[in-house]
Amino acid sequence: MSIQRGSVLVALVLMAGCTGNPDLVEPELGLVKGRVTLDGEPVAGVQVTFIPQGSGKPDSSSEVGAVSTAITDADGNYELLYKDDVPGAAVGTHLIQIMRDEGVRPDEDGNVTAGPTGPPIPVQWGMASQETREVAAGENEINFDLISDQ
């Protein structure tokens, strides 16, 4: 096989992989917004993640949708985004994680700071979270009233 034919074959295989699974049906989405507070105060700049869980039924599709995320604003408000710029989350049960962004960011004066800012988020809402919430079709308001670890 020539190099040119090999390049064309590789390009065709890559293009086929980019078209996605034609049998994949995107899940129904519900719009989700809410507010995160810690000890009654709004929590700014935390990532809220909704991870869809399977139905547990052996005959159900393994495709339950993508993870939806948001970053809270200065008042602790968030609105979830599904893939790209599509608002919402898959309808169904979701595992919830709420964590501070560990990245590097500029402060109000433009100086670069590293690490999280603000009080720590309780550990039960982190990577090992067992907290779940239901997302229904239509509009959902899901607030999180967190209590500091004592």
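## The lie of the land

Helices here are DSSP runs of H or I with at least four residues, and strands are runs of E with at least two, numbered from the N terminus. Counted that way, the chain has 1 helix and 12 strands. Keep in mind that what you're looking at is a predicted model. Start at the N terminus and you meet the helix, and after that it's strands the rest of the way: α-β-β-β-β-β-β-β-β-β-β-β-β.

The chain runs to 150 residues, and 28% of them are buried. About 9,800 Å² of the chain is exposed, with carbon and sulfur atoms supplying 55% of that area. Now take the contacts between residues at least 6 apart in sequence: 67% of them join residues at least 24 apart.

## A four-stranded sheet

How do the strands line up? 4 of them make an open sheet, in the order β4-β3-β7-β10, with antiparallel pairing. At the edges sit β4 (68-71) and β10 (132-135), each of which pairs on one side only. Going from one strand to the next, the twist averages 30°.

Strand β7 (residues 92-100) is a good one to follow. It runs antiparallel to β3, with 7 bridges joining the two; one place to spot this is V48, whose bridge partner in β7 is I98. β7 is also joined to β10 by 4 bridges, again antiparallel, and there L95 stands opposite T132. Is β7 buried or exposed? Of its 9 residues, 7 are buried, so the strand is largely enclosed by the rest of the structure.

## Rings that meet

A pair of aromatic rings is described by how far apart the centres are and by the angle between the planes. By the distance rule used here, centres within 6.5 Å, the count comes to 3 aromatic pairs. Take F50 and F144: their ring centres are 6.2 Å apart and their planes sit at 75°, so this pair is edge-to-face. F50 belongs to strand β3 (residues 46-52) and F144 to strand β12 (residues 144-146), so the pair ties together parts that are 94 residues apart in sequence. Both F50 and F144 are buried.

F144 has another ring partner in W125, and that pair is edge-to-face too, at 5.5 Å centre to centre with 75° between the planes. Here W125 sits in the loop between β9 (112-114) and β10 while F144 is in strand β12, so the link spans parts 19 residues apart in sequence. W125 is buried, just as F144 is. Put the ring pairs together and you get a cluster of F50, Y78, W125 and F144.

## Into the core

Some of those rings turn up again in the largest nonpolar core, which has 19 residues. Which of its members touch the most others? They are V32, V36, F50, Y78, I98, F144 and L146. Several strands feed into this core: β1 (29-38), β3, β7 and β12 each supply at least two residues.

I98 is a handy residue to finish on, as the bridge partner of V48 and one of the core members named above. If you skip its neighbours within four places in sequence, I98 is in contact with V36, V46, Q47, I121, W125, G126, F144 and L146. Among these, V36, F144 and L146 are also on the list of core residues that touch the most other members, and W125 and F144 are the edge-to-face pair from the section on rings.

Note on methods. Residues are numbered from 1 along each chain as its sequence is written. This is a predicted model: local features need pLDDT of at least 70, side-chain atom pairs count only at pLDDT 80 or more; totals for chains, interfaces and linings use all residues. Side-chain values use heavy atoms; hydrogens and water are left out. Buried means under 20% relative accessible area, exposed over 50%, partly exposed in between (1.4 Å probe, protein chains only). Contact means heavy atoms within 4.5 Å. Accessible areas come from the Shrake-Rupley method with a 1.4 Å probe; for residues, only the protein chains shown count as cover. Two strands pair if DSSP finds at least two bridges between them. Axes are lines fitted to C-alpha atoms, for helices over the stretch in contact, and angles run from 0 to 180 degrees between N-to-C directions. Rings of Phe, Tyr and Trp (its six-membered ring) pair if their centres lie within 6.5 Å; planes under 30 degrees apart count as stacked, over 60 as edge-to-face and the rest as tilted. A nonpolar core is a set of buried Ala, Val, Leu, Ile, Met, Phe, Trp, Tyr and Cys residues joined through side-chain atoms within 4.5 Å.
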